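Here are a few exercises to work through with the model open in your viewer. Try each task before you read its solution.

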Amino acid sequence: MIRDRVRELLSELPPGVTLVGAAKTRTPEEIFEAIDAGLEIVGENYVQEAERAYHLIGNRVRWHMIGHLQTNKTKKAAMVFDMVETVGSVKLALELDKVCGNMKKIMPILIEINSGEEEQKSGVMPENATFLIDQIRHLRHIRVMGLMTMGPFEGNPEDSRRYFKKTREIFDGIKAMDLPDVEMRYLSMGMSNSYKVALEEGANLIRIGTKLFGERT
Ligand SMILES: *Cc1c(COP(=O)(O)O)cnc(C)c1O
């Protein structure tokens, strides 16, 4: 039961750690069940899927964009999401700032780090993270609140550790700079198979799908 798995995971999380239920492909009924059991944040990968779920579920939970956001979807994204965890370029940041400005809203964002430095993956390369933040932190309708990473592996969770560690080091480094208008508060790392390692490496937002909702078909 989704309900039992949500309760169990919530009860085992250390204080200060927040669960994001990664809801891609799940029905609104399944998402409702998770919310009923105490889930407070729903993570969505696709704007259209998020809109549909949001239309039915609304603001009783918070909504995080955890998938790649295309610049032509920012307006819809700005209407649904309470945080965009996947900002990896100046272009996307500018576009989000513009649409949020039109809506008189300030969007909290995380910078997605391409911690595996894989060409085909989204997110900013680790060595460019500080520069990206420096270029966008003055924008008035987005607010940098931390970092997010996926890491390259699906297999052995220990293989993810070095990527989580690297992201944590970037997080600490930027935090220590104490940049104006930047709040290094959230470190979003870890999925069903890797969240324990991520917690050991300092994650305080974990994004869990399979472990709550079961295998995706
Ligand atoms: C699907 C997804 C997750 C959750 O993955 P599971 O292995 O199902 O827990 C976390 N983060 C992102 C960005 C995802 O797309």
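**Exercise 1.** Find the strand that holds serine 188, then work out which side chain it has a polar contact with.

*Solution.* Start with the secondary structure: serine 188 belongs to strand S7, residues 182–188 (strands are DSSP runs of E with at least two residues, helices runs of H or I with at least four, both numbered from the N terminus). Next, check the accessibility: serine 188 is buried at a relative accessible area of 0%, where buried means under 20%, exposed over 50% and partly exposed in between, with a 1.4 Å probe and protein chains only. Finally, look for the partner: the side chain of glutamate 85 makes a polar contact of 2.7 Å with that of serine 188. (A polar contact is a pair of N or O atoms within 3.5 Å; within protein, one must be able to donate a hydrogen and the other to accept it, and residues adjacent in sequence count only if both atoms are side-chain atoms.)

Before going on, a word on the source: this is a predicted model, where local features need pLDDT of at least 70, side-chain atom pairs count only at pLDDT 80 or more, and totals for chains, interfaces and linings use all residues. Residues are numbered from 1 along each chain as its sequence is written, and side-chain values use heavy atoms, with hydrogens and water left out.

**Exercise 2.** Place lysine 104 and aspartate 181 in their loops and look up their phi values.

*Solution.* Background first: most residues other than glycine have a negative phi. Lysine 104, in the loop between helix H5 (90–102) and strand S5 (107–113), has a positive phi near 55 degrees. Its relative accessibility is 74%, so lysine 104 counts as exposed. Now take aspartate 181, in the loop between helix H7 (161–177) and S7: here phi is positive too, near 70 degrees. With 31% relative accessible area, aspartate 181 is partly exposed.

**Exercise 3.** Which protein atoms have polar contacts with oxygen atoms of the ligand, and how much of the ligand's accessible area does the protein cover?

*Solution.* Go through the side chains: an N or O atom of lysine 24 is 2.8 Å from a ligand oxygen, and one of serine 192 is 2.5 Å from a ligand oxygen. Then try the backbone: a polar atom of glycine 209 lies 2.8 Å from an oxygen of the ligand. As for cover, the protein takes up 92% of the 380 Å² of accessible area that the ligand has on its own (Shrake-Rupley method, 1.4 Å probe).
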